[in-house]
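Q: Please take a close look at one part of this structure and describe it for a reader who has not met it before.

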Amino acid sequence: LPYQLGEIIASVFLTCAVALALFHRERTGEGQLVDVNLLRAGTWGVSTLAAIGQKDPVKLKLILVPPELVRVNWPVPTANCYRTRDGYWLQMLGLETPRHLGKTLRALGVRGKVYAKL
């Protein structure tokens, strides 16, 4: 999925579910179980692309970005995939760049001051 689409959709689903559960608790005094499935959210997100592809394959080619460009052009360095020297892949999930960038760079062995306009 482009740009971690499944995670983004799942987080929106979760936010809505928690808000509705809190609203229900406020009205009734009852708690609610909140459950969000990442696979289901990602599948829902891809279903839109599948529907567009069935309707107009040319438009689908305009929407999809090759995976190698997604990884290179993703603007958040602490939420990206990186290939290690020994061929393994590392998935970074720290979306709070100002909070995590310094720790990430230190863990990766980047020395000196690094400045980023955030």
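A: The following account begins with the whole chain and then turns to helix H1.

This is a predicted model, in which local features need pLDDT of at least 70 and side-chain atom pairs count only at pLDDT 80 or more, while totals for chains, interfaces and linings use all residues. Residues are numbered from 1 along each chain as its sequence is written, and side-chain values use heavy atoms, with hydrogens and water left out.

The protein chain comprises five helices and two strands, arranged along the sequence as α-α-α-α-β-β-α. Helices (H or I, at least four residues) and strands (E, at least two) are DSSP runs, numbered from the N terminus. The mean pLDDT of the chain, the predictor's confidence in each residue from 0 to 100, is 77, and 71% of the residues score at least 70. Among the elements, H1 has the highest mean pLDDT, 91, and helix H4 (residues 67–73) the lowest, 64.

Helix H1 covers residues 5–28, which makes 24 residues. From its first C-alpha to its last, H1 reaches 34 Å, close to the expected 34 Å; the expected span is 1.5 Å times one less than the number of residues. After H1 comes Gly29, whose phi is positive, near 80°.

Some residues of H1 are hidden and others are not. Buried means under 20% relative accessible area, exposed over 50%, and partly exposed in between (1.4 Å probe, protein chains only). Within H1, Gly6, Ile9, Ala10 and Ala21 are buried, and helix H2 (38–55) is included in what covers the buried residues of H1. In the chain as a whole, 19% of the 118 residues count as buried.

Val12 lies in H1 and is partly exposed, because its relative accessible area is 45%. Phe13 also lies in H1; Phe13 counts as partly exposed because its relative accessibility is 34%. Leaving aside neighbours within four places in sequence, Phe13 is in contact (heavy atoms within 4.5 Å) with Val36, Ala41 and Trp44. Phe13 and Val34 are 21 residues apart in sequence, and their C-alpha atoms are 10.0 Å apart in space.

Val12 and Phe13 join Ile8 and Trp44 in a nonpolar surface patch of about 380 Å². The largest share of this patch, three residues, comes from H1. Patches are made of residues with over 30% relative accessible area and no salt bridge, nonpolar side chains (Val, Leu, Ile, Met, Phe, Trp, Tyr) being joined within 5 Å and like charges within 9 Å. A salt bridge is a side-chain nitrogen of Lys or Arg within 4 Å of a carboxyl oxygen of Asp or Glu.

Key
Areas by Shrake-Rupley, 256 points an atom, 1.4 Å probe, with all protein chains shown as cover.
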